[in-house]
Amino acid sequence: MEIIVIDQGSEFLDRGVEYFWRQWGEASNFDFYRNCIEHSIYNEAALPKFFLLLDNDKIIGSYALLTNDLISRQDLLPWLACLFVDKEYRNQGLAQKLLDHSMAESRKRGYQTLYLSTSLNNFYEKKGWEYFAMGYTAYGKDIKIYAKNCN
């Protein structure tokens, strides 16, 4: 298994867009995902970046590093988003592998702290993330923000 970034010339661009949208999108926002991912591939150093977990050439997981996770705390970055592992591959340590990769990628880009927003309870706490603050979605809902030191 390997983790790759969707970048220029990636044979996984179209399949990656489809995968992210299928896991996180809805009927009306496929173009949002396509546009975001397509425009993330031109500057290797800049965010956002979209990563895929592959089992041979089958996409089985994902995560993204973003400048904002569409919540009120736009002063914080980078954000871990879109963490997902296909159901049949869960409980094998792959989510932790993706989390470790996200930390390494954040460090490589010069960030000391990585943030995420979630409505999940106890998943990220068990992975060493600490509650940071409450934030608000664009739809007026409050959401927990977690942080983790990248070092």
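**Aromatic pairs around F84**

Trainee: What relative accessible area does F84 have in this structure?
Mentor: This is a predicted model, in which local features need pLDDT of at least 70 and side-chain atom pairs count only at pLDDT 80 or more, while totals for chains, interfaces and linings use all residues. Residues are numbered from 1 along each chain as its sequence is written, and side-chain values use heavy atoms, leaving out hydrogens and water. F84 counts as buried (under 20% relative accessible area; exposed is over 50%, partly exposed in between; 1.4 Å probe, protein chains only), because its relative accessible area is 18%.

Trainee: How many aromatic pairs does a search of the whole structure find, and what is the angle between the planes of Y19 and F84?
Mentor: The search of the whole structure finds eleven aromatic pairs (Phe, Tyr or six-membered Trp rings, centres within 6.5 Å; planes under 30 degrees apart are stacked, over 60 edge-to-face, the rest tilted). Y19 and F84 form one that is edge-to-face, at 6.3 Å centre to centre, with the angle between their planes being 70 degrees.

Trainee: Which residue, besides Y19 and F84, belongs to the cluster linked by ring pairs?
Mentor: Y19 is itself buried, at 2% relative accessibility. Ring pairs join Y19 and F84 into a cluster with W24.

Trainee: Why is the pair of F123 and Y124 edge-to-face, and what is the angle of its planes?
Mentor: F123 is partly exposed, with a relative accessible area of 30%, whereas Y124 is buried at 8%. Their ring centres lie 4.9 Å apart, and the pair is edge-to-face because its planes stand at 90 degrees.
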